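Colleague: I am just getting started with structures like this one, and I would love a close look at a single part. Could you pick out the cross-link and walk me through its surroundings, strand by strand?

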Amino acid sequence: MSQHAKLNRNNGLSPLLKASLLCGTVLLSGCAGVKFFSPSTWFSGPLVVSSSGLGQVTSFTPMQADIIKKQLDDRYTLRSGMQMENGDVVTIFQGMDDNEVKLEIVGPEHGYVSRIIVSDPDIATEWGPTVGTEFSEIYQKAFGICGLGERVNDVPTIECNSPQSSKVVYRFTGKWQGPEDLMPSDDDLKTWKISQIIWHK
């Protein structure tokens, strides 16, 4: 074997290294049918609900898709719609991920964000609760704090003010065999779980 052939053979890449380089190339270039995170999300922290809103989305955020998408760190695909609320037309932006609605941002057309409804279990409040947190982890009783909520997908709900902020409401769902207009007992509510976190201005 010639010296030149030996040199090429010794300098050849191992199969493992070749595979690693190939994977790196695929991740950088993207691939049809595979979802990749936007580079803007690589160095950003998790979205958190606070008294001010959700992350950078606050009551000062215009109801404009490009601004909202940027303030959500490009984490969601947005789709928009409109509906009537109390006689007024409002715009709704739904944050989609894997074809599921993870959050809704609501506000008057040409106005500013007035309400955010979070269904994404990966989003927490700054005080800890997330979608899936049980009632008993936050409250001992519902009286004076909670009220009957609207039925969501024909499931009964209650809505409770956050102990830390009047701008944040937890919507709980759970098993209830009683009348629709009757509040479940505290014992029944213990295992109810947050299904949505609602911020309002």
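Modeller: Let's start at Cys160, which is buried, with a relative accessible area of 0%. Keep in mind as we go that this is a predicted model. Cys160 has a partner: a disulfide joins it to Cys146, with the two sulfur atoms 2.0 Å apart. The count of disulfides here comes to one. If you look along the S-S bond, the angle about it is 110°, and the link of Cys146 and Cys160 is right-handed.

What does this link tie together? Cys146 sits in strand β9 (residues 146–148) and Cys160 in strand β10 (residues 157–161), so the disulfide connects parts that lie 14 residues apart in sequence. And is Cys146 buried or exposed? Cys146 is buried, because its relative accessible area of 16% is under the 20% cut-off.

Now follow the chain onward from Cys160. Strand β10 leads into β11 through a hairpin, with six residues making the connection. The two strands, β10 and β11, pair in the antiparallel sense over five bridges. To find your place on screen, look for Glu159 in the strand of Cys160: Glu159 stands opposite Arg171 in β11.

Strand β11 covers residues 168–173 and is mostly covered, since five of its six residues are buried. On to the next partner: β11 is joined to strand β12 (residues 193–200) by six bridges, and these two strands run antiparallel as well. A handy pair to look for is Val168, whose bridge partner in β12 is Trp199.

For comparison, let's visit another stretch of paired strands, earlier in the sequence. Strand β5 (residues 88–97) and β6 are joined by eight bridges and run antiparallel. One of the pairs to look for is Val90 with Pro108, its bridge partner in β6. The hairpin of β5 and β6 has two residues between the strands, and Asp98 in the turn has a positive phi of about 55°.

Strand β6 has a second partner in this stretch: four bridges join β6 to strand β7 (residues 115–118), again in an antiparallel arrangement. Here you can find Leu103 opposite Val118 in β7. The hairpin that β6 and β7 form has six residues between them, and His110 in that turn has a positive phi of about 65°.

While you are there, have a look at Lys102, which lies in strand β6 (residues 100–108). Is Lys102 buried or exposed? At 15% relative accessibility, Lys102 counts as buried. What is Lys102 in contact with, once its neighbours within four places in sequence are left aside? The list includes Tyr76, Gly95 and Asp97, as well as Ile117, Val118, Ser119, Asp120 and Pro121. You have already met Val118, as the residue opposite Leu103.

One last stop is an open sheet of four strands, in the order β3-β2-β1-β8, with mixed pairing. Its edge strands are β3 (57–58) and β8 (124–125), and each of them pairs on one side only. Inside this sheet, strand β1 (residues 48–50) and strand β2 (residues 53–54) pair in the antiparallel sense over two bridges. To spot them, look for Val49, which stands opposite Leu54 in β2.

Notes:
Residues numbered from 1 in each chain as written. Predicted model: local features only at pLDDT ≥ 70, side-chain atom pairs only at ≥ 80, totals over all residues. Heavy atoms only, no water. Disulfide = S-S within 2.5 Å. Buried < 20%, exposed > 50% of the residue type's maximum accessible area, 1.4 Å probe, protein only. Contact = heavy atoms within 4.5 Å. Pairing = 2+ DSSP bridges.
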